[in-house]
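Trainee: I have a new model open on my screen and would like to learn how to read it. Could you walk me through it, feature by feature?

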Amino acid sequence: FQIMPSGLSLYGELGRVVARRFSKVALVYQDTSATFQNAATEFETTFDHGAEKITSDIYPIKDQMDSVRIATIISNKKYDAVSVLATPSVGASFLKSWYSLKNDGEKIFCNPDMEVTISIYVDVLGLEALDGCVSVFFENQNTSVFSEMYEKEYGKDPSFAADYAFDLIGLIESTYVNDINKWKNNLSSIEYSGLSGLIRFNDDGTRISNYSKKVFVDGKFIETP
């Protein structure tokens, strides 16, 4: 089973969230990664699904040297909003090029990969360029609880995914039996709130999570209805 929720599902949710704000968007993805390509395709599928007069286009980008070319193509097509799914160096380079060419009223929308590396984009673009950009992530109402517990015990902030590791051990302890079929049955019936959020699994053993919509305001992402 997989204790981390599927990152691909975040991009499906992002497509639905962005579609409620914009009608024509572009998502640039770095084509050196199959993960980025699959996420971009998932976004495009859910953004366009069942909607009229609403379009999304995805563009592959190779590296930083490719930034100006792709930015020029996109700026000429006049989208409502643009985002990039790439390593931070490539992503920030592209957005910097696009932002210098963009038309009035065009915006940046964020995504989960940008959210976890947002400080790099802020350094390159500044806060004003990113203000109001929307993103989605896995909902976890217990983040502060875990951080407080960890800091009290170890005197420092937890590292990335430490809460998932904590929940993984607890999950094994509470469900494990020395029979693979019985253990699978135990896992399939699990549904409770852990320190990393909701814990439940689909038939493939992939963790299913709820989602949290966020907006970047005054230098940080805040949850929004």
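Mentor: Gladly! Let us start with a term: helices (H or I, at least four residues) and strands (E, at least two) are DSSP runs, numbered from the N terminus. Counted that way, the protein has 10 helices and 9 strands. Please keep in mind that this is a predicted model.

Trainee: How many residues are there, and what percentage of them count as buried?

Mentor: There are 225 residues, and 43% of them count as buried. The C-alpha atoms fill a box of roughly 60 × 45 × 35 Å along the principal axes. Among contacts with a separation of 6 or more, 69% link residues 24 or more positions apart.

Trainee: Now the sheets. How do strands of a sheet pair?

Mentor: In general, they pair through backbone hydrogen bonds, either parallel or antiparallel. Here, one open sheet has 4 strands in the order β2-β1-β3-β4, and its pairing is parallel. The edges are β2 (55-61) and β4 (107-108), each of which pairs on one side only.

Trainee: How many bridges join β1 to β3?

Mentor: The parallel strands β1 and β3 are joined by 5 bridges. To find the register, look for V28, which stands opposite V84 in β3.

Trainee: Which strands does α2 lie across?

Mentor: Helix α2 lies across β1, β2 and β3, and runs at about 170° to β2. Helix α3 (residues 67-77) also packs on this sheet, where it touches β1, β2 and β3. The direction of α3 makes about 165° with that of β2.

Trainee: And the sheet with the order β5-β8-β9: is its pairing parallel or antiparallel?

Mentor: Antiparallel: these 3 strands form an open sheet. Strands β5 (134-138) and β9 (220-223) have a single partner strand each, so one side of each is left without a neighbour in the sheet. From one strand to the next, the twist averages 40°.

Trainee: Which helix packs on that sheet?

Mentor: Helix α1 (residues 7-19) does, touching β5 and β8, with its direction at about 145° to that of β5.

Trainee: How is β8 linked to β9, and which residue in the turn has a positive phi?

Mentor: The two strands form a hairpin with 2 residues between them, and D218 in the turn has a positive phi of about 50°. Strand β8 (residues 211-217) is joined to β9 by 4 bridges. Within this pair, V215 stands opposite I222 in β9.

Trainee: Back to α1. What span should its 13 residues have?

Mentor: At 1.5 Å a residue they should span 18 Å, and the end C-alpha atoms are 19 Å apart, which agrees. The buried residues of α1 are L10, Y11, G12, E13, L14, G15, V17 and V18. Their cover includes β1 (24-30), α2 (34-48), β3 (81-85), α5 (112-116), β5 and β8.

Trainee: How are two packed helices described?

Mentor: By the angle between their axes and the distance between the axes. Take α4 (residues 88-101) and α6 (residues 118-125): their axes come within 10 Å and cross at roughly 35°. This crossing is right-handed.

Trainee: Which residues make the contact?

Mentor: Helix α4 contributes P88, G91, A92, L95, K96 and Y99, while α6 contributes I120, Y121, V124 and L125. They divide into 8 nonpolar, 1 polar and 1 charged.

Trainee: Could we finish with single residues? Is T175 buried or exposed?

Mentor: A residue is called buried when its relative accessible area is under 20%. T175 has 4%, so it is buried. This residue lies in helix α9 (residues 162-175). Leaving aside neighbours within four places in sequence, T175 is in contact with W183, N186, L187 and I190.

Trainee: And where is E139?

Mentor: E139 is in the loop between β5 and α8 (143-154). Its relative accessibility is 26%, so E139 counts as partly exposed. Not counting residues up to four places away in sequence, E139 touches G197, S209, N210, Y211 and S212.

Trainee: How far apart are E139 and L95?

Mentor: They are 44 residues apart in sequence and 27 Å apart in space, C-alpha to C-alpha. You can check that pair in your viewer.

Key:
Residues are numbered from 1 along each chain as its sequence is written. This is a predicted model: local features need pLDDT of at least 70, side-chain atom pairs count only at pLDDT 80 or more; totals for chains, interfaces and linings use all residues. Side-chain values use heavy atoms; hydrogens and water are left out. Two strands pair if DSSP finds at least two bridges between them. Axes are lines fitted to C-alpha atoms, for helices over the stretch in contact, and angles run from 0 to 180 degrees between N-to-C directions. Contact means heavy atoms within 4.5 Å. A crossing is left-handed if the near helix is turned anticlockwise from the far one by less than a right angle, and right-handed if clockwise. Ala, Val, Leu, Ile, Met, Phe, Trp, Tyr, Cys and Pro count as nonpolar, Asp, Glu, Lys and Arg as charged, and the others, Gly among them, as polar. The expected span of a helix is 1.5 Å times one less than its number of residues. Buried means under 20% relative accessible area, exposed over 50%, partly exposed in between (1.4 Å probe, protein chains only).
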